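Trainee: Could we zoom in on one part of this model and go through it slowly? I'd like to see how it sits among its neighbours before I look elsewhere.

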Amino acid sequence: MQKVYGILLLIMLICIGCQWHLTPSDADEDASRLAIQRYDRIESLYLTTGDISALQQINTSYPIQTRLLLEDVLRLGKVDDEDINTKFYYFFQDSTLQQMLADVTQQYTEMEDIEEELASSFKRLREELPALEYPEIYAQIGSFDQSIIVGAGTLGISLDKYLGEDYPFYQEHYSEAQRRMMTRSMIVPDCLAFYILSQYPLSSERRHNQQERDRHMGRIQWTVNQLMGRSVFDNEMTKEVDEYISQHPSTTINQLLLSD
């Protein structure tokens, strides 16, 4: 299992606190940021039909998301390259990816349940860590590579990584342990874990130590369990944190995540 912890942490590169009282304007702004922007819909429209108006909306309405997708996730080139739109379109004409686009559309017609769980869990997170700002959350479609993308005040959910553990492509390319994490129910826990990791990254010195990576992963996963109100992650690392907290009950989540 240690190998799994290390892989998860590398891919991610993810109780006592003050109550946060929101004014009405703050609450409205936060609710807006936690509503999932459906970038995936306009992306899928362009990639399946070549609709030029969809491409224009991709570039004008979602510039940050598009840059992250093209440059950091798909690595097709720079967003302002002359031929980048053509590369983007033809990259997804592969039959496997076209089928995946259809499957994402079918499985994620609605995401209200995920939005509600995001809102409640992120509210708990900021009750524990009041200084944190909510990211703008959006759904996108990648190519089976990254699941959650955090950057520039945004948090992107790659729906192609959450099609269910029995999804045919997953069965051919991922282990059983990995596939168990690739379900709809893991979207919110992964969002929390990746976001927490972005706020509490390991130092470069500690990052090179496998034991340090495992320990840090355990603290993040334990925190996610508390925020979700259920044992999403149940392993040796989270059990160690449970034992530590039972012996040091006054430890805050901030102190836990900052500890060596």
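Trainee: Let's take strand β3: how many of its five residues are buried?

Mentor: Keep in mind that this is a predicted model. As for your strand, β3 is mostly covered, with five of its five residues buried. Thr154, Gly156 and Ser158 point one way from β3, while Leu155 and Ile157 point the other way, and the buried label applies to all of them. That split fits a general pattern: side chains in a regular strand alternate between the two faces of the sheet.

Now the partners. β3 belongs to an open sheet of three strands in the order β1-β3-β2, with mixed pairing. The edges are β1 and β2 (148–151), each of which pairs on one side only. On average, neighbouring strands in this sheet are turned by 20° against each other, direction ignored. In general, strands of a sheet pair through backbone hydrogen bonds, and the pairing can be parallel or antiparallel.

Take the β1 side. β3, which covers residues 154–158, pairs with β1 in the parallel sense over five bridges. You can walk along that pairing: Glu136 has Thr154 as its bridge partner in β3, Ala139 has Ile157, and Gln140 stands opposite Ser158. β1 is mostly covered too, with four of its five residues buried.

On the β2 side, the strands run antiparallel and four bridges join β2 to β3. Here Gly151 has Thr154 as its bridge partner, so keep an eye on Thr154, which is also the β3 partner of Glu136. β2 and β3 form a hairpin with two residues between the strands, and Ala152 takes a positive phi near 55° there. That's a backbone angle to check when you click through the turn.

What packs on the sheet? Helix α5 lies across β1, β2 and β3, running at about 55° to β1. α5 (63–73) also turns up around helix α3: the cover over the buried residues of α3 includes α4 (52–61), α5, α6 (84–91), α7 (95–107) and β1 (136–140). So β1 gives you a route from your strand to α3, since β1 pairs with β3 and is part of that cover. For α3 (residues 39–49), the buried residues are Tyr39, Asp40, Ile42, Glu43, Ser44, Tyr46 and Leu47. After α3 comes Gly50, whose phi is positive, near 75°.

One more way in towards β1 is through helix α8. Glu115 lies in α8 (residues 112–128), and its C-alpha is 9.5 Å from that of Ile137, although the two are 22 residues apart in sequence. Leaving aside neighbours within four places in sequence, Glu115 is in contact with Leu34, Ala35 and Ile36. Glu115 counts as partly exposed because its relative accessibility is 25%, and the buried class stops under 20%.

While you're on α8, have a look at Glu117. It forms a salt bridge with Arg230, with the closest N and O atoms 3.7 Å apart. Glu117 lies in α8 and Arg230 in the loop between α13 (210–228) and α14 (236–247), so the pair ties together parts that are 113 residues apart in sequence. Glu117 is partly exposed at a relative accessible area of 28%, and Arg230 is partly exposed at 35%.

The salt-bridge count comes to six, and two others make a handy comparison set. Glu212 and Arg215 form one at 3.6 Å between the closest N and O atoms; both residues lie in α13, three residues apart, about one turn of the helix. That spacing follows a general rule: an α-helix has 3.6 residues a turn, so residues three or four places apart point the same way. Glu212 is buried at 18%, whereas Arg215 is partly exposed at 28%. The side chains of Glu176 and Arg180 also meet in a salt bridge, 3.6 Å from N to O. There, Glu176 counts as exposed at 52% relative accessibility, while Arg180 counts as partly exposed at 45%.

Back to your strand, then: β3 has β1 on one side and β2 on the other in the order β1-β3-β2, and α5 lies across all three strands.

Definitions and conventions: Residues numbered from 1 in each chain as written. Predicted model: local features only at pLDDT ≥ 70, side-chain atom pairs only at ≥ 80, totals over all residues. Heavy atoms only, no water. Buried < 20%, exposed > 50% of the residue type's maximum accessible area, 1.4 Å probe, protein only. Contact = heavy atoms within 4.5 Å. Pairing = 2+ DSSP bridges. Axes fitted to C-alpha atoms, helices over the stretch in contact; angles between N-to-C directions. Salt bridge = Lys/Arg side-chain N within 4 Å of Asp/Glu carboxyl O.
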